[in-house]
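Me: Hi! I've just opened this one and could use a friendly tour. Can we go through it together?

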Amino acid sequence: MENKMAKKLKEQDVELKTKTAAKLDKEASELASDLDSTQTELDAVLEYSEKIRAMCEVKPETYEERAARREAEIAGLKQALQILEGEAMLLQGGDLRQPGLRGAAVSPHRD
């Protein structure tokens, strides 16, 4: 009788351990799936974070960029100076008449 009882207990123990092992295998596969999806989400967030940081970081200009920007600014200022000098010449030595509404020359009033 003791052998039957021990055998019965061992069979129940094996059955319980088999069920527990199956349950743990299922939980392990679910956790592995969760880990994969969480890792994918984390990778996407880190990639986005790197893009955002790259856009927000102030990067110093290279010498070439500064020089090119300065040259463009100087060229623009020279052009503006030429325009202003041309207008000054027109005002000093040119016709004192100013264009009217429809392009007709109108003499200024002299008092």
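Reply: Happy to! Let's begin with one pair of residues: Asp 13 and Lys 17 both sit in helix α1, which covers residues 2–56. They are four residues apart, about one turn of the helix. Keep in mind that this is a predicted model.

Me: What do Asp 13 and Lys 17 form with each other?

Reply: A salt bridge, with 3.5 Å between the closest N and O atoms.

Me: And how accessible are Asp 13 and Lys 17?

Reply: Asp 13 is partly exposed, at 37% relative accessible area. Lys 17 has 54% relative accessibility and counts as exposed, because the cut-off for that is over 50%.

Me: Nice. How many salt bridges does the structure hold?

Reply: Four. Another of them links Lys 19 with Glu 15, where the closest N and O atoms are 3.7 Å apart.

Me: How far apart are Lys 19 and Glu 15 along helix α1?

Reply: Four residues, so about one helical turn separates them. As for accessibility, Lys 19 is exposed at 54%, while Glu 15 counts as partly exposed at 47%.

Me: Which residue does Lys 51 form a salt bridge with?

Reply: With Glu 47, and the closest N and O atoms in that pair are 4.0 Å apart. Lys 51 and Glu 47 also lie in helix α1, four residues apart, about one turn of the helix.

Me: Okay, new topic. What order do the elements run in?

Reply: Starting at the N terminus, the order is α-α-β-β. That gives two helices and two strands in the protein.

Me: What share of the residues counts as buried?

Reply: The answer is 0% of the 111 residues.

Me: Then how much area does the protein expose?

Reply: About 11,100 Å², and carbon and sulfur atoms supply 59% of that area.

Me: Back to the prediction. What's the mean pLDDT of the protein?

Reply: The mean is 86, and 84% of the residues reach 70 or more.

Me: Which element has the lowest mean pLDDT, and which the highest?

Reply: Strand β2, residues 105–106, has the lowest mean at 55. Helix α1 has the highest, at 93.

Me: So which helix should I look at for the pairs we discussed?

Reply: Look at helix α1: Asp 13 and Lys 17 are there, as are Lys 19 and Glu 15, and also Lys 51 and Glu 47.

Conventions: Residues numbered from 1 in each chain as written. Predicted model: local features only at pLDDT ≥ 70, side-chain atom pairs only at ≥ 80, totals over all residues. Heavy atoms only, no water. Buried < 20%, exposed > 50% of the residue type's maximum accessible area, 1.4 Å probe, protein only. Areas by Shrake-Rupley, 256 points an atom, 1.4 Å probe, with all protein chains shown as cover. Salt bridge = Lys/Arg side-chain N within 4 Å of Asp/Glu carboxyl O. pLDDT = per-residue confidence, 0-100.
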